[in-house]
Amino acid sequence: MISTYLAVIFLGLRPLVQCYQFVVTTPPTSRDVYKNPYSNVSIWNLPIGNGANYVAAGITSSISTGIDGEAMVLLLDPTQPPTNIYYSSAGWSAASRCDVDVINRVLINAPFPPGLILPDTPRKNYQTAFVMADRVTIRQGLPLAHCSTTQSPTLFNLIDPAYTYAVTITETPSILGPGTYGVHGNTGLSGLGGTIRLGEFIPDAQGIIQPVRHALKANIRASQYFFKGMTASTCFKWPAIICGGYSSYTGTNQYLSAGSLLALSSAYDITNIGLVSEPGKALAWTLQNYGVYLVDDSGWDAFALITELNSAADYKNTFRTAYGFDFFAAPGNENVWAKDVRKLFSLLSIITNWNAATYNTVKASKGTLGVGGGAPRQPWAPPITPLLIPPTSASTVKPSPVPAKMPTFSPGQTMSPSSKQPQVPSSTSFVVTPPPATRDVYKQPFSNISIWNLPIGASATYTPAGITALTDTTSVAVDPEIILLDYTQPMTNIYYSSAGWGANSRCVADSPLKLILQAPYPPGFFIPDQPRQNYPASFLMPDQVTIRQVQPIAHCSTSQPITVIEATDPAWIHHTNVGRTSVKVTESPNIFGPGFYGAHGGSGLSGFGGAIRIGEFLPDAQGFIKPVRHALKTNLEAGKYFYKSSDMTIYDCYKWPAIKCDGDYFPTAYGGTNPALRPGALLAIPPNYDIFQMGLTSEPGKAIAWTMQNYGVYVVDDAGWDAIYLETELNPTVDYLDAFYAAYGFTFIGREKTENLFTRDMRRLFSHLSVVTNWDAANYAVVAASNGALGVGGGAARQPWAPPFASLIKKPTSKSTSSPSAVPAKPPSFSPGYIMPTAAPIYMPTKAPTTSQFVVSPAPATRNVYKSPFSNISIWNLPIGAGATYAATGITITVNSGVGAEPEVLLLDANQPVTNIYYSSAAWTAASRCDPDSPLQLYLQAPFPPGFIVADSLSDRHNYPATFIMSDK
């Protein structure tokens, strides 16, 4: 069975098109015990037999079901220094796992890599398996924490090889043994066996995804699926020996319990069940031939497979690097892999005749039987050869050294090959250094009176924002802002897609094609269709000054266009509360200008200013994190925080400097009770807080606190769910998320129920934010005129104003600045389709001018009758005379008047096939123009291009007059 899947592999965001495929290769003749541990009679290594009996598990899934990965910490390098692992009673409580208990009790002395940092993340189990110095003994414990190089690693519990279950079950904790039992608290099953290891379900150097020939492990929601009405001695199924929380079980399937072995029934042809990803097909093969044991409770509506995390890499990151999509998916998000996992879990059955008695029979069969009895579907695991090669000084497992990448929300692997491995400095610290004397306009754009650059003043007044519902159910996320400042890239067509945030694909431009913008765009830069993301993009144009902004941008493959739903206009409609009027706010889209406005649809504010740029909040070569001296931006959940009142209108649903709010703001989307908290509000840490005494535990958290206190954070959009967002840079070279992880070894973002030092700080900081209440247009005008004396809200500026720019814009290089992509030009936005015959030339500028100018050039000596038709005495061609008299038309135009175009269909290619054109009485009625009347009535025969589609556009009130040139030309 060979199937292929064309994929884009991201290497430093320089994509290579590569074919990878799942191939059922010949079973190996030997195995590495550190990669595929335990004996061939281990439950983890036995294949399913043809005598297995199946009962449908009844697992239901939808796009609201999360796909997760439970990280299993595998420390299998016995050459690491022996290290004391201390007892911490914190466990899953509010206490810190970082702290050793006062009794100072050593739980175990085990080989431990000194540079492995595992933060205190209470929702993480961080089950751990150590191989001891004898290279054979495996010890398991949980939850592991190692918060810094100056603190000792801790565990709450170390698993004893003697398990109590009615009678004592003793199992030698050997990597060569059966390996049934271990650290999983809801079953007592092994933390090492059944884990998806680095390299598994991942293509090799030839692009081949080889079969994973061992059982897997998974967590599902116990309260929903595990059989109810059980007791402490009946709430699990062999090989499990314990369960937890059985009183909350509500499942109705008597076979579905902790320890159940689930599999894809042999009745399914895995090549014909609609799987769309190659790793999904590989997973299906393993589920059908080896199955998946239920080892723990996911605690929420999610399927969690157990994956490896070691001192070099996290499996989920190597997966993302290999495929360009995430291993996990938040509720409501989907990629091809997540779609396959949800489908596969819904198809799983329970093997009902797998118990201790059957196991003993299979175990004694020496390879002739499989799980459940009958001939094994696959050969038993091969011998371990050579036996226990002494590991080198490096980790015995050499995973792909790629930075972590959390939910996702962002479009590609970004680290350069030389810097992929997270390099966590031995010491990093936030230091308030002196302000710089100059700045780079590309790093900190816009004038020093831009709202993004003004510091807060001593007279700013504050009211608590009321962002208090920040528990571990609130996600910490980013809204990536695509920043494209290389104006030497080829000028590229960007087309309209109405998909936006709906169910349709952003990858596809609307038909008829509509050209929105031409801008410099790097040809190999791909941005996937992720409807949950806003993906605003900012382009620096070839004049090196103009900034154009669009959203949401998508570029899914080389064969698909770049699409957006809108490009921002420098002239903004602003609804003012004074007199309930609408006025235009005009701002030059200039990188040296104020830069207030742009692509954020929930406020009208910039998609460039206020973004966290690459290098910001990151340590320099000396380990110092320097202050970020500009305001930030955030998205909050509108339904929870944005103010709503019964009389709210489009005139007051936002706050200056915003000029709009989301189109769906009323009546359902907003649900806040604080009148000060609306789109456009500036939030800040009030000055009465000492940011170094707020209990912040991460250095980047302290740095962000400093910026929030001195510059603040503007509310620019709706998060759409229970999450707090910051806006971060994504460019063709690097994603800020990757740079952050590479610097610290923990992620910038955290989904609900997950936490690290930084995401804990973010939740704390947002809960302490206040709204600056005296920041409005009038106050801004006073501050802007103060020449550096005042800050936001008035009073002395807390920090100096932004310094002058270091130098003017550099001249462009010899790279092309004006070659548009070779995609046909699009007709006007209201025209019905791509209409020109392929033989006819299509006008496209050969050079994108840096400036445009209307010039009255000399009248031509001749003209083309097909471009300027009719005689020189035609009314269409006669110029106006000096004796013409005039009277005012009386036409009144306001900002509410539309500006449209009436398409006239001109078919001037006489060489097209002569085609019958029939009568339809539909015209401007409710009937469809697509249908000719019956009986058919031939109206005309005329040259007509066969591929030209003119839609039934009654809803747009188009007349669509058409003119044909006949065959006589």
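Let me begin with the surface as a whole: the protein chain exposes about 40500 Å², and carbon and sulfur atoms supply 56% of that area. I should say at once that what we have here is a predicted model, and that everything I describe this morning is computed from it. Of the 969 residues in the protein chain, 54% count as buried, and the secondary structure comes to 11 helices and 39 strands. As for how the chain is connected to itself, if we take the contacts between residues at least 6 apart in sequence, 74% of them join residues at least 24 apart.

Staying with the surface for a moment, there is a nonpolar patch of about 360 Å², to which Val865, Tyr866, Leu906 and Leu908 contribute. One of these residues, Val865, sits in the loop that runs between helix H11, residues 777-784, and strand E36, residues 905-907.

Let me turn now to strand E14, residues 216-220, which is mostly covered, with five of its five residues buried. The cover is found on both faces, since Leu216, Ala218 and Ile220 are buried on one side, while Lys217 and Asn219 are buried on the other. What are the pairing partners of this strand? With strand E16, residues 292-297, E14 pairs in the parallel sense over five bridges, whereas two bridges join E14 to strand E17, residues 302-309, in an antiparallel arrangement. Asn219 is a convenient residue to follow here, as it stands opposite Asp296 in E16 and also opposite Ala304 in E17.

My last topic is a sheet further along the chain, an open one of 10 strands with mixed pairing, whose order reads E20-E35-E32-E33-E31-E34-E21-E24-E25-E27. Its edges are formed by strand E20, residues 462-464, and strand E27, residues 566-567, each of which pairs on one side only. At the E27 edge, the partner is strand E25, residues 547-551, and the two pair in the antiparallel sense over two bridges; within that pairing, Gln551 stands opposite Glu566 of E27.

Which helix lies across strands E21, E31 and E34? That is helix H10, residues 757-767, which runs at about 115° to E34. For those following along on the structure, E21 covers residues 475-484, E31 covers 632-636 and E34 covers 723-730.

To close, I would set the two strand regions side by side: E14, with both of its faces covered, and the open sheet of 10 strands, with E20 and E27 at its edges.

Note on methods. Residues are numbered from 1 along each chain as its sequence is written. This is a predicted model: local features need pLDDT of at least 70, side-chain atom pairs count only at pLDDT 80 or more; totals for chains, interfaces and linings use all residues. Side-chain values use heavy atoms; hydrogens and water are left out. Patches are made of residues with over 30% relative accessible area and no salt bridge: like charges are joined within 9 Å, nonpolar side chains (Val, Leu, Ile, Met, Phe, Trp, Tyr) within 5 Å. Accessible areas come from the Shrake-Rupley method with a 1.4 Å probe; for residues, only the protein chains shown count as cover. A salt bridge is a side-chain nitrogen of Lys or Arg within 4 Å of a carboxyl oxygen of Asp or Glu. Helices (H or I, at least four residues) and strands (E, at least two) are DSSP runs, numbered from the N terminus. Two strands pair if DSSP finds at least two bridges between them. Contact means heavy atoms within 4.5 Å. Axes are lines fitted to C-alpha atoms, for helices over the stretch in contact, and angles run from 0 to 180 degrees between N-to-C directions. Buried means under 20% relative accessible area, exposed over 50%, partly exposed in between (1.4 Å probe, protein chains only).
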